[in-house]
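Grab a pencil and work through these exercises with the model open beside you. Each one gives a task and then a solution in steps.

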Amino acid sequence: MNNARNNLTTVKRTELTFLEKLYVPTLWSGLKVTFRHFWNTLFRGKVVTMEYPEQKWTVPEGYRGAPYLVKDTEDRTKCVSCQLCEFVCPPKAIRITPPGPAVDPTTGNVEKRPKEFEINMLRCIFCGFCQEVCPEEAIFLQKDYSLTGVSRSEMIYDKEKLLALGGVHRGPIMKWKQKADEARKQDAFKPE
Amino acid sequence: MPQEYRLILKHADEPGYTPDIECYLRHGGYESLRKALALAPRELPDGKRMSAQEQIRDEVLKSGLRGRGGAGFSCGLKWSFVDRRSGKPIYLICNADESEPGTFKDRQIIHKDPHQLIEGMVISCFANDVKLAYIYIRGEMPEGAKLLNKAIKEARARNFLGPNILGSGYSLEIHVHRGAGAYICGEETGLIESLEGKRAYPRIKPPYFPAVLGLYQCPTIVNNVETLAAVKHIVAMGSGEYAKLGTPNNTGTRILSLSGHVKRPGYFEVEVGKVTMGELIFHENFGGGMRDGRKLKAIIPGGSSSKVFKAGETFKLKRKGPDGQMAAVDVGILDLPYDFDSLQQAGSMSGSGAIIVMDDSTDIVEALANVSEFYAHESCGQCTPCREGALWMSKALHRMTHGHGRKADADYLLHIAQNIQGRTICAFGEACAWPVLSFVKKFKDEFESRGAADEARHGSIQGATGHPTAASPGLPVI
Amino acid sequence: MSTPTTAELKPAPPPVETIRIKVDGRELDVPKTMPDWQGKPQPTTMLQACAMAGLEVPHYCYHPKLPIAGNCRMCLIEFGTPMMGPDRKPVLNEDGSPKIARSVLPYEPDAARGAIACATPISPGMELYPSSAATKQMREAVLESLLINHPLDCPICDQAGECKLQEYSVEHGQATSRFVETKVHKPKQVDLGPRIMLDDERCVLCTRCIRFTRDVAGDDALGIVNRGSYNSIAAYPGRQFDNNYSLNTVDLCPVGALTSKDFRFQMRVWFLKETKSLCATCGTGCNITAGAREEKLLRFEPRQNDAVNGPWMCDHGRLNYKWVQREDRLSTVISTRTGSGTWTGVLAEVAEVLRNAPKGSVAMVLSARQTNEELYLLNKLAVLCGAITDSIAREGQGDALLVSPDKNPNSNGVRLTGVAYTEMGIQIPKIAAGIRNGQIKTLVVFGEDVTRHGLEGDVLSRLDHLIVSDVLPNETTQRAHFLLPGCAHIEKRGTFVNVKGRLQKFMKAVEPKGDARPEWEFLGELLQLLGRPENFKSLEGLFNQMAKDTPAFAGLEWSRIGDLGVNVKL
Amino acid sequence: MAFIVPAELEAELNELVTHYPQKRSASLMFLHAIQEHFGFISKEAAEWIASKLDLQPIHVWELVTFYPMFRQHPPGRHQLKICRTLSCALGGAYALHEHFCRKFGLDPKAHGIQTTKDGSFSVEFVECLAGCGTAPVMMCNDEFHENVSLSKADELISKCQ
């Protein structure tokens, strides 16, 4: 404790010089930027703004836009309602209603789908935790950044909307299908 | 000149020798039983009295008889562990579940001379105050079970069995119980569970040592067929005479089962330790050398669960030198005396006395895959390492023998096997791990080159194949 | 008599014989024997010794309340025993301490040999190494084996979050598996019985379920079929696993092989708010943990209390929670006289009625499902009004394990608080007669449908005032002039006394619906309106006050009851 | 289909029970006897045994599925069991198995039990039959055959037919 206190050093704030106190040079350097853009736009045709929303910005790779649900290449919802995203979501924007015990036997041994999946886009902070935590690669932050609506309830996206916006994920992971195929090939026990 | 010494199988292969009781009696049968029952209590110098039973037990201990089933544990010591104060009945079970691959000696005794086994059993039961004994015979020997049942009936008719045997006041019942195709029933606690009508799951020890908590939670003795037959001869000739056979600490005779690529496979009864491995394989009195002029490649010395020997191996054995001091001597594999201790010192075991010989045409990977499939099929599945590991090894070897090996598979197999041995409820863990450990360690180049060749052909694979031949053939689907 | 917690204060037990051992190098004296699953003394095991040293040995098949199986091999630990010379005397180190022989494989003296801690007894001088590198390696290997054929379907597995396979994999497992073969596939979604679903692929074959149902529940319904790696838990084809204790196997299952059909897929366990409560289905008073999310009850699980239910509870009690949040649940306070719908208004009216009621014109039927505190206040009210009180006995089928034939959770509370002295329901005919002959004009009913217990509709219609408090609608509540919506016990705090005289408290798991309030709250207000201001501000205060006034509870305080309750003198 | 155990068999079974201090022990012998008589263990048979020995049906079912000798489905009239373990494999058991399979039009790669369409033969690999010295060995129903060459195998088939 003592040691730490003895080690404290006081950093003195540097006094501003007379010129700096005038603020005029700083103002001037700022205006220089403004004038440069003014000049470039007016005479050299270099445009730095765009006419949104007619024109839209192309977002770079890895941009974190709105999270949507995806389907696999066989048109099945990838989400199995494990609720990890709901758990990890910092602003608590995700809300999942897990299903009852209804099973869809056509999908191998996946036994679970979300009955309802809602993301409150007003709460979402686009942090990407949901995508990172998802064990099924079922939710991705996509490039959508312009989310609008006329009411709060409209900004709560439900499962249908999220799936429609999310599209198809062409990733190679089809683990449930592989599991079912593997089981069918086995001698000793076959499902169905 | 090395030759057989026939004690137990003395008459078995004689022309005209039949398994019925008349024939057995003609050859001096049940004389040892009469002798045992007639033993009078002996006064000891310290004034204590030694009952007839104690005398027989003492004889068996002094004879140095070691169990012929696999572990080679002293029979007399095993009997001495039996809890005789519990007040519970003591049971004796004859382990005739001969299922170690390579072994077929008990079959000879049961089929050719069943009364010898019965006599040995009655004496052993008498010595241990057993009133009820079972012969647990493997299911695959229906003929043997019939013969034994017949023999028991005959013996009962002549009062060698049943109430008040030969007027001695001692009563005994023996029943034949048939297994149904499970190797694990050879493990004594697994056998006991099976005899109780359950799945043959070996019991945890402690606390379920058969000598204390065996069949129906009563003290129980489980002995191999050959061991019990030997008891008869110990009583007949006395422990001193018996101990003169064989070599010190490896007394008596043993029936060895020789199979594989030799000219003359078969069973041979020899004095323990008097014959070397090389003589067994090459001498004309025994194996007669390799088939088709091939060269020796590997020997499995004591049933498929024992560790394999590679041709040309040498071992450091402790031997008494000319000066009487113990010294380490280099012994080649063919000069290895076939006894319990030498094989153990050589890093393997004599197990059930089953020698499987492989010549240089043998694909060692295929051979191990065959053995591993056996153990994957026979694992009872009670405890984790063996349940999962046995099939895992079998799957990996199946993959290797089906053209999808990897160079790394040698270490992969060692890794699995090392995690099984010593971690399971019963010795099956070792039984399934040892072949893999020894085959892979001693023939590592073959495993690696095969894997490397496959990789060169396919590129490195990640679990490409299934296991299309189920490791449990005929496994029921429910 | 000043300390009623007598059951806890037994005379000091005789000194126990101990064994000195070392755990991870630390010397420790442990008792020579410890109770086994049935409570009989057995030699202390390595696992128990490690627990005493504060080290948890991971395990799957071992359960303190089940016979030992020793099949999972997860609890393997390295150990050493004092070395013995040929003269059977301990070999000593140079410093005079006994030399320890580490357990090694007999045929490979460099490799450590483990012993299963769950079944191996300790011996004097033994050293246990539950944290050694060899022990760690054994655990890693067993976990690898368990995981190679596991489906790894945690995202859809209900056990995720409370799964021992997950927990141990993180704690003791290795990051990667070498397994490259195909997995063994086994039956999934096996319908074992009306309440249980089985997934054989997830099963680690610890056989806890088999041992439980065979040795505890006495219904030998489960077994293992097939062999080796294909071993699968199963009931006999066509036979239902449906005994009244079957759901305990779901709790016992260390993985997600056995799941409750009722709770399956309803909610991930990490979202559940867990509350210590009691089962109110019968007089046994099994301790439970209630799981709820956002005021929705989702499951009951037993909470271990060896004085009452051990770690078990019956299926009937476990599933007996759905009525609490039924749609038609009473949630509005009603006075049919003025049509008032507020607590202040209705309570004032009720107070008015009771104040003006002549002595002997009031009767009360109070349920043995109310808490002690409520019964205490109601009894006070009864004394104030000079009312005749009684309760309703509820007899049913019991069993040898946990289910009590007394279907009231608090019959003893009714007796101890003085609502009914001996036989419950003995006064009901007297009350009926009183109403018929016009002597009784006001009836207060708490938590019972009296029309089914001797006070039929035509009797009730003779009353001037019928004051009813209940949770669910019934004929009595329909006839009520004043309806005071109460709470199920899971929605409030309080205490019950079970059939064996154990006083146990319970906590509030969910909020009541609508206007419904804990009865003790509005009863306190009612007494105040009747000019008997009470001192308590909280349930704790109320309990402490009751304990002072009630001989059976003398000396008790809320803070001293503890989670497992105390015995009181009946 | 009603499951009826003939009186003689039942008497034999009743005698078996007396061999053991505990009834349950007889279950393996019961299964053998029932299988010998009916050819396989049906569900009804398992239930019958269970009730006879005061057991739960699952106890019997545990055994039927554990011990490979017990069948849940009727096998062929002649059951050929070929030992596939090491000594026999070295002695040519795989060729023998393949020979049988080709003869009967069965899959030579399958190790488990396969029955011909007409139900006359079933072929399967079994583990060690304890006849390693006379490899390859096999069993035809309860008969043990040693040194089974391919020609000997053909003889065996024709004898069965």
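Before we start, one cut-off: a residue counts as buried under 20% relative accessible area, as exposed over 50%, and as partly exposed in between. Also keep in mind that this is a predicted model.

**Exercise 1. A salt bridge between chains**

Take the salt bridge of D:Glu36 and B:Arg178 and work out where each partner sits. Then decide for each one: buried or exposed?

Solution.
- Start with the pair itself: the side chains of D:Glu36 and B:Arg178 come together at 3.5 Å, N to O.
- Next, place the partners. This pair crosses between chains, with D:Glu36 in helix 2 (residues 27-38) of chain D and B:Arg178 in strand 5 (residues 173-178) of chain B.
- Now the accessibility. D:Glu36 has a relative accessible area of 57%, and exposed means over 50%, so D:Glu36 is exposed.
- B:Arg178 comes in at 9%, and buried means under 20%, so B:Arg178 is buried.
- For context, a search of the whole structure turns up 86 salt bridges over all chains.

**Exercise 2. Which chains touch?**

Find which two chains share the most contacts, and say how far apart the nearest C-alpha atoms of chain A and chain D are.

Solution.
- Five pairs of chains touch, and chains B and D have the most contacts among them.
- Chain A and chain D don't touch, and their nearest C-alpha atoms are 9 Å apart.

**Exercise 3. Salt bridges within chain C**

Look at C:Asp306 with C:Lys65 and at C:Arg394 with C:Glu448. For each pair, which parts of the chain are linked?

Solution.
- The side chains of C:Asp306 and C:Lys65 form a salt bridge at 3.5 Å, N to O.
- This pair links distant parts of the chain, 241 residues apart: C:Asp306 is in the loop between strand 18 (296-302) and helix 6 (315-318) of chain C, and C:Lys65 is in the loop between helix 1 (46-52) and strand 5 (76-82) of chain C.
- With a relative accessible area of 24%, C:Lys65 is partly exposed.
- On to the other pair: C:Arg394 and C:Glu448 meet at 2.6 Å, N to O.
- C:Arg394 lies in the loop between strand 21 (388-390) and helix 9 (411-416) of chain C, while C:Glu448 lies in the loop between strand 22 (442-446) and helix 11 (457-460) of chain C, so the salt bridge ties together parts that are 54 residues apart in sequence.
- Both C:Arg394 and C:Glu448 are buried.
- While you're in chain C, have a look at the salt-bridge network that links C:Asp153, C:Lys188, C:Asp199, C:Glu201 and C:Arg202.

**Exercise 4. Strand 5 of chain C and its partners**

Which strands pair with strand 5 of chain C, and in which sense? Why is strand 5 of chain C largely enclosed?

Solution.
- Strand 9 (residues 114-116) of chain C pairs with strand 5 in the antiparallel sense over three bridges. Here C:Glu78 has C:Gly114 as its bridge partner.
- Strand 10 (residues 127-129) of chain C also pairs antiparallel with strand 5, over three bridges. In this case C:Gly80 is matched with C:Glu127.
- Strand 6 (residues 100-102) of chain C runs antiparallel to strand 5, joined by three bridges. One bridge sets C:Thr81 against C:Ala101.
- As for the enclosure: five of the seven residues of strand 5 of chain C are buried, so the rest of the structure largely encloses this strand.

**Exercise 5. Any disulfides?**

How many disulfides are there over all chains? Then explain why B:Cys218 can't be bonded to its closest cysteine.

Solution.
- The search finds zero disulfides over all chains.
- Take A:Cys127: the nearest cysteine sulfur, in A:Cys130, is 6.1 Å away.
- For B:Cys218, the closest cysteine sulfur belongs to B:Cys125 and is 15 Å away, so the two are too far apart for a bond.
- B:Cys218 is also buried, at 6% relative accessible area.

**Exercise 6. Domain centres**

How many Å separate the domain centres in chain D and in chain A?

Solution.
- For chain D, the assignment gives domain 1 (7-66) and domain 2 (78-160). Their centres, taken over C-alpha atoms, are 29 Å apart.
- For chain A, the assignment gives domain 1 (20-47) and domain 2 (67-173). Here 47 Å separate the centres, again over C-alpha atoms.

Note on methods:
Residues are numbered from 1 along each chain as its sequence is written. Chains are lettered from A and ligands numbered from 1 in the order in which they are written. This is a predicted model: local features need pLDDT of at least 70, side-chain atom pairs count only at pLDDT 80 or more; totals for chains, interfaces and linings use all residues. Side-chain values use heavy atoms; hydrogens and water are left out. A salt bridge is a side-chain nitrogen of Lys or Arg within 4 Å of a carboxyl oxygen of Asp or Glu. Helices (H or I, at least four residues) and strands (E, at least two) are DSSP runs, numbered from the N terminus. Buried means under 20% relative accessible area, exposed over 50%, partly exposed in between (1.4 Å probe, protein chains only). Domain bounds come from an automatic or database domain assignment. Contact means heavy atoms within 4.5 Å. A disulfide is a pair of cysteine sulfur atoms within 2.5 Å. Two strands pair if DSSP finds at least two bridges between them.
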